[in-house]
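Visitor: I would like to go through the pockets and the domains of a protein model. Could you take me through them?

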Amino acid sequence: MNGNVKTLNQFIIERQDDFQYASGDLSRLLSDIGTAAKIINREVNKAGLVNILGNHGTTNVQGEEVMKLDIYANDQLISALSSGGEVCVMGSEENDDVIQVEFKEGECKYVVLFDPLDGSSNIDVNASIGTIFSVYRRVSKGSGPGTVEDCLQKGAQQVAAGYVIYGSSTILVYTTGNGVNGFTLDPSIGEFCLSHPNIQTPKDAKIYSINEGNEAQFPAGIKKYVEYCKGEDKATNRPYSSRYIGSFVADFHRNLLKGGIFIYPPTAKTPNGKLRLLYEANPLAFVAEQAGGRATNGKDRILDIVPGELHQRVPLMIGSENMVKLAEDFLAKN
Ligand code: P6P
């Protein structure tokens with residue numbers, strides 16, 4: 001390994017003392033997520049070949065069952081996080097109930113919530129998709145399996161969060177509350193290598209991401225804000241550019257690096273918004289804030305919302321701080 005390449009595992013160990021609870025367990029947990037991401041990446045990259053190797057739900061030329069990729073990704077994460085002994089309970093978009101982990105030896109301190117493959121409907125058209133994860137310390141007493149209570153903590157209690165984007169390259173971005181760092185997978189050595197140190201998102205920018213097909217159903221303030229984004233005004237760099245892939249991790253990652261705002265407001269079809277609080281909004285709100293951005297439901301800070309149930313949805317505005325604040329103003333005034 002040449003001197004200037006730093007792998008994810010080297011970085012995690014180096015930064016271990018940053019953790020409020022300096023223990024090897026969180027380092028091991030983060031490393032396990034990295035391993036699962038590499039395995040998921042291998043299958044996601046083959047997706048286009050599934051029809052040659054065998055359709056989802058059928059068997060491939062080797063006679064192996066070809067799983068739907070989001071189920072495959074879910075299984076990889078559950079398996080990686082169950083075997084290390086750090087996790088007592090998990091919550092996944094793919095599982096109605098929590099996944100309790102029985103572990104004989106030692107005390108399982110951590111709770112992990114995840115969306116194993118967000119935007120998976122984009123796989124067939126080769127658009128970028130992602131894995132999102134959120135990590136807490138257990139709050140339930142005892143050292144046995146964790147409970148729903150452990151999963152229903154507000155986002156401000158997260159000890160780590162991040163995502164993997166499977167795109168033109170595969171990048172893992174995470175925070176433990178001391179800044180945001182990105183690691184690009186180098187397939188030639190099978191390692192995530194530090195490529196985006198200390199990510200800071202611009203306070204102002206020119207990209208807005210929203211599904212304008214739902215405009216008729218938007219709250220008045222959001223309609224006005226979208227109109228503002230389209231207005232002509234050199235002094236405020238308008239009109240902005242509309243960029244919406246329909247894959248949250250991909251839209252979020254672009255806006256994190258270039259600046260921008262992503263909005264999924266309440267609509268008639270999704271009165272509480274579409275994105276899930278626990279394993280989509282909270283983890284990316286933690287990343288956004290650590291990168292100098294902002295994330296609210298249009299009024300309240302996402303990380304302060306006390307969850308009521310595992311799969312609850314939340315309206316979401318997330319990205320460049322000043323853009324989110326302005327969108328909130330439009331909402332408050334209309
Ligand atoms: P719409 C993908 O299904 C997803 O959950 C997010 O990744 C994405 O941002 C959103 O839904 C897109 O929803 O209603 O605009 O198609």
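Guide: A term comes first: helices (H or I, at least four residues) and strands (E, at least two) are DSSP runs, numbered from the N terminus. The model is predicted.

Visitor: Which elements each supply at least two residues of the lining of the largest pocket?

Guide: β3 (110–118), α7 (248–258) and β11 (261–264) each do so. With three residues, β3 gives the most to that lining.

Visitor: How much space lies in this largest pocket?

Guide: The largest pocket holds about 420 Å³ of space. It is lined by 21 residues, and those closest to its centre are Asp118, Gly119, Gly246, Lys274 and Leu275.

Visitor: How many residues of the lining are nonpolar, polar and charged?

Guide: The lining of the largest pocket has six nonpolar, seven polar and eight charged residues.

Visitor: Turning to the domains, why does the largest pocket lie between domain 1 and domain 2?

Guide: Both domain 1 (8–196) and domain 2 (207–333) give residues to the lining of the largest pocket, so the pocket lies between them.

Visitor: How far apart do the C-alpha centres of the two domains lie?

Guide: The C-alpha centres of domain 1 and domain 2 are 24 Å apart. In the contact between them, 43 residues of domain 1 meet 31 residues of domain 2.

Visitor: What area do domain 1 and domain 2 bury between them?

Guide: They bury about 2,600 Å², with 68% of it on carbon and sulfur atoms. Of the area that domain 1 buries against domain 2, Ile132, Leu152 and Tyr163 supply 22%, more than any other three residues.

Visitor: And how many salt bridges are there between domain 1 and domain 2?

Guide: The count of salt bridges between domain 1 and domain 2 is zero.

Technical notes:
Residues are numbered from 1 along each chain as its sequence is written. This is a predicted model: local features need pLDDT of at least 70, side-chain atom pairs count only at pLDDT 80 or more; totals for chains, interfaces and linings use all residues. Side-chain values use heavy atoms; hydrogens and water are left out. On a 1 Å grid over the protein atoms alone, a cavity is a set of points where a 1.4 Å probe fits but cannot get out, and a pocket is an open set with protein on both sides within 12 Å along at least five of seven lines; lining residues have an atom within 4 Å of a point. Grid points are joined across faces, edges and corners, and a volume is the space filled by probe spheres set on the points. Ala, Val, Leu, Ile, Met, Phe, Trp, Tyr, Cys and Pro count as nonpolar, Asp, Glu, Lys and Arg as charged, and the others, Gly among them, as polar. Domain bounds come from an automatic or database domain assignment. Contact means heavy atoms within 4.5 Å. Buried area is the accessible area (1.4 Å probe) that two parts lose on being put together, summed over both. A salt bridge is a side-chain nitrogen of Lys or Arg within 4 Å of a carboxyl oxygen of Asp or Glu.
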